[in-house]
Amino acid sequence: MTPIKIINKSQHDLPHYETPQSAGMDLRANLTEPITLNSLERAIIPTGLFIELADGYEAQIRPRSGLAAKKGITLLNSPGTIDADYRGEIGVILVNLSKEPFVIENGERIAQMVITKYEQVQWQPVEILSETERGTGGFGSTGTK
């Protein structure tokens with residue numbers, strides 16, 4: 001496991017993996033009072049968490065599938081990226097895509113966070129790319145079967 005420095009200014013436990021094979025950890029709303037998201041409204045929900053990632057790592061903030069499927073609550077910039085040099089509070093941009101108001105309570109699980117490695121690239125300008133079976137076929141070009 002990779003150690004990550006974290007400051008927890010919330011009143012909740014640290015994010016943790018729910019099962020041994022979980023990729024993500026749930027993030028909880030850190031609120032002094034509930035927030036109501038009406039249909040098509042969005043808000044940045046604070047978590048009270050601050051992290052220090054090592055170079056070459058990012059934190060991805062992703063929707064929770066249960067909230068999305070059952071309540072129509074998702075993230076606008078999904079996945080959101082927390083860069084290794086960001087030191088501010090983790091905020092989650094929630095949007096209500098349902099027709100019903102949704103009340104976010106303090107401590108509610110609102111998103112999940114996945115820590116991943118990444119590599120930066122160096123562009124190599126060329127005039128021709130290698131040939132592939134797919135070639136320039138775009139959206140839906142590989143069929144439905």
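The following exercises concern the pockets and one sheet of a predicted model.

Residues are numbered from 1 along each chain as its sequence is written. In this predicted model, local features need pLDDT of at least 70, side-chain atom pairs count only at pLDDT 80 or more, and totals for chains, interfaces and linings use all residues, while side-chain values use heavy atoms, without hydrogens and water.

**Exercise 1.** Determine the volume of the largest pocket and the character of its lining.

*Solution.* Step 1: on a 1 Å grid over the protein atoms alone, a pocket is an open set of points where a 1.4 Å probe fits, with protein on both sides within 12 Å along at least five of seven lines. Step 2: the volume, the space filled by probe spheres set on the points, which are joined across faces, edges and corners, is about 290 Å³. Step 3: lining residues have an atom within 4 Å of a point; among them are Met1, Pro3, Tyr17 and Met113. Step 4: with Ala, Val, Leu, Ile, Met, Phe, Trp, Tyr, Cys and Pro as nonpolar, Asp, Glu, Lys and Arg as charged, and the others, Gly among them, as polar, the lining has eleven nonpolar, one polar and no charged residues.

**Exercise 2.** Describe the open sheet of four strands.

*Solution.* Step 1: strands are DSSP runs (E, at least two residues), numbered from the N terminus, and two strands pair if DSSP finds at least two bridges between them. Step 2: the order is 2-11-6-8, with antiparallel pairing. Step 3: strand 2 (25–28) and strand 8 are the edge strands, each pairing on one side only. Step 4: four bridges join strand 2 to strand 11 (residues 109–117), and Asp26 stands opposite Gln112 in strand 11.
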